[in-house]
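Trainee: I have a new model open and would like to talk it through with you. Could we go element by element?

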Amino acid sequence: MQITLRVNGEERTLDVTPYTRLLDLIREDLGLTGVKEGCGKGECGACTVIMNGELTASCLVPAPQADGAEILTIEGLAADGKLDPIQESFIEAGAVQCGFCIPGMVLAGKRLLDENPNPNEEDVRYGLSGNICRCTGYAKIIDAVMMAADKLKVEGSVNNGE
Amino acid sequence: MKKYGRGLATIMFGFGYGEGFPDHSIASIEIKEDERIVIRTAAADVGQGVITTVIQIAAEILRIKPDYFEVIQGDTHTTKNSGSTSATRQTYFTGNAVKKAAENLLANIYHYGSLEFRSNHPEINVEDGKIYMYDDPDNYITYWDLARTLDQNGKKLEAEGSFFPVTYKPDQEGQADKVYVAYTFLSQVIEVEVDTDTGMIDLLNVYTAIDLGKAINPKNVEGQIEGGTVQGLGMGMMEEQVIQDGITLNPDMSDYLVPTSVDIPKFKHYLVEDEDSEGPFGAKGVGEPTLIAAAPALANAVYDAVGIRFFELPLSPSRVKKALQEKAAEDE
């Protein structure tokens, strides 16, 4: 069957089977390998994408369900070769070690900040709790999201001419 | 009721393979005509940061910004053996191999540079990628110029370094001159609150002091401490593989729990830089030592809070609650 969806702002039409996972469609058919497969059971968050504005475990979504959907993966975050503030913050905070969880973590952080631009640390911890990391101990990832919140506030006030 | 407690544990960790097992690393560095400096090492960076570390080391010795470096890693066609990324050994072993290669390369820069200026080493200076006579600093040649000049003569501006320290097997009493190349020491204090109604442990703060010789990249060191400690706390509080008749009953992340962002404590780190080892700039390994003290410090903190000694991990709510009930029954 054929589905059409928007991935990182670009419309894509693909042939899929009813049991193709959205994860495999993104990785195999579209070649966007920033989306990782961890557990394959919706428990670890490595395959996180933002689908229609919501954090989604792409390993649990049959591709036909994504027909007509708007999907953002880690590859779509940087604009015009410039990193998103949250990506910059992950680098500056030293939040990345092996990196396997990081695409999902960054998207979870972005989703959190889209919804709540002024999070406290508890909000950030809760917002990231669906994404498992084995190497960093989370502390610097939490720092990075807090740092990104500050950056976005500064950017916002500059854009508003304040 | 919530009861506060704090516990301490201290560990020492001999790193490298040790015990007489052959343990070495070989690295090479080449200055290219196209303004790159290429480090070749088989050291695998699995996220711990050895590539960043060796670039910092080489940049320091070669007196040039880290921006010019690239690392070819783990390519059997172009790199020599660096040993495994295990045993907390890469900063020490490959760090030293790269440092020696950089020192040999700096010597070559002086050697070929002095030929260009028809002078001696003491009369020339090497700084920021430039070579010049002390008395005429404006008349310099760059590392890249020198590499091009050598290339025309069929030579390369490169050097290799290797590090191959000797260790000894312990005797029957466990004694030897040097069983491991060096030891990392770590002390950790953990503060907890134990909920006596549910048996749940809240992690408050973890204070870590680590004697690591020299923190070549302090942020990476902090990342190692935090990651290792959280794995140790997972072992201490929640991670339990349940096996029955040879079958693991909890092979999922929903049954075999590991810490998430809501479970972790606040951290404070104290880096003790003694520079007392033969590692690069006195550095010692920090990987595995960061994991070991967490569970015993946690168990000591729980003992401080509720007066119960545990000899089995993890200190899951059910295990703690059961022990609290048994203690209450004994106390009656």
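Mentor: Happily! Let us start with a definition: a residue is buried if 20 or more other C-beta atoms lie within 10 Å of its own, exposed if 12 or fewer, and partly exposed in between. Keep in mind that this is a predicted model.

Trainee: With that cut-off, which residues of helix 3 of chain B are buried?

Mentor: Helix 3 of chain B covers residues 143-152. Counting the C-beta neighbours as above, the buried residues of this helix are B:Tyr143, B:Leu146 and B:Ala147.

Trainee: Why are they on the same side of helix 3 of chain B?

Mentor: Look at the directions from the helix axis to the C-beta atoms. The buried residues are on the same side of helix 3 of chain B because the arc they cover around the axis is only 100°.

Trainee: What do the buried residues of helix 3 of chain B pack against?

Mentor: The partners include both strands and a helix of chain B. Among the strands are strand 6 (130-133) and strand 7 (136-142) of chain B. The full set is strand 2 (25-31), helix 2 (90-116), strand 6, strand 7 and strand 8 (157-163) of chain B.

Trainee: At what angle do the axes of helix 2 and helix 3 of chain B cross?

Mentor: Two packed helices are described by the angle between their axes and the distance between the axes. Here the axes of helix 2 and helix 3 of chain B come within 11 Å, and they cross at roughly 80°. Angles of 65 to 115 degrees count as roughly perpendicular, so helix 2 of chain B is roughly perpendicular to helix 3 of chain B.

Trainee: How do the residues of that contact between helix 2 and helix 3 of chain B divide by class?

Mentor: From helix 2 of chain B come B:Ile109, B:Tyr112, B:Gly113 and B:Glu116. They meet B:Tyr143, B:Leu146, B:Thr149 and B:Leu150 in helix 3 of chain B. By class, the contact has five nonpolar, two polar and one charged.

Trainee: Strand 2 of chain B came up as a partner. How many of its residues are buried?

Mentor: Strand 2 of chain B pairs with strand 8 of chain B in the antiparallel sense over seven bridges. Strand 2 of chain B is also joined to strand 3 (residues 37-41) of chain B by five bridges, again antiparallel. It is mostly covered, and the count of buried residues is six of seven.

Trainee: Which residue in the turn between strand 2 and strand 3 of chain B has a positive phi?

Mentor: Strand 2 and strand 3 of chain B form a hairpin with five residues between them. Within the strands, B:Ile29 has B:Ile39 as its bridge partner. In the turn, the residue with a positive phi, about 65°, is B:Glu35.

Trainee: Chain B also has an open sheet of four strands. Which are its edge strands?

Mentor: The order of this sheet is 1-9-10-13, and the pairing is mixed. Strand 9 (residues 183-195) and strand 10 (residues 201-211) of chain B pair in the antiparallel sense over 10 bridges, with B:Ser187 opposite B:Ala209. Each edge strand pairs on one side only, and these are strand 1 (2-14) and strand 13 (266-272) of chain B.

Trainee: Which helix of chain B lies across strand 10 and strand 13 of chain B, and is B:Gln231 in that helix buried or exposed?

Mentor: The helix across these strands is helix 4 (218-237) of chain B, running at about 135° to strand 10 of chain B. B:Gln231 is in helix 4 of chain B. Because 20 other C-beta atoms lie within 10 Å, B:Gln231 is buried.

Trainee: Turning to chain A, what is the strand order of its open sheet of five strands?

Mentor: Strand 1 (residues 2-7) and strand 5 (residues 70-72) of chain A run parallel and are joined by two bridges. The edge strands are strand 2 (10-15) and strand 4 (54-57) of chain A. The pairing is mixed, and the order is 2-1-5-3-4.

Trainee: Finally, which element of chain A gives the most to the side that touches chain B?

Mentor: In this contact, 21 residues of chain A meet 19 residues of chain B. The elements of chain A that give two or more residues are helix 4 (121-127) and helix 5 (139-159). With three residues, the element that gives the most is helix 5 of chain A.

Notes:
Residues numbered from 1 in each chain as written. Chains lettered and ligands numbered in written order. Predicted model: local features only at pLDDT ≥ 70, side-chain atom pairs only at ≥ 80, totals over all residues. Pairing = 2+ DSSP bridges. Contact = placed C-beta atoms within 7 Å. Axes fitted to C-alpha atoms, helices over the stretch in contact; angles between N-to-C directions. Parallel < 35°, antiparallel > 145°, perpendicular 65-115°, else oblique. Nonpolar A, V, L, I, M, F, W, Y, C, P; charged D, E, K, R; others polar.
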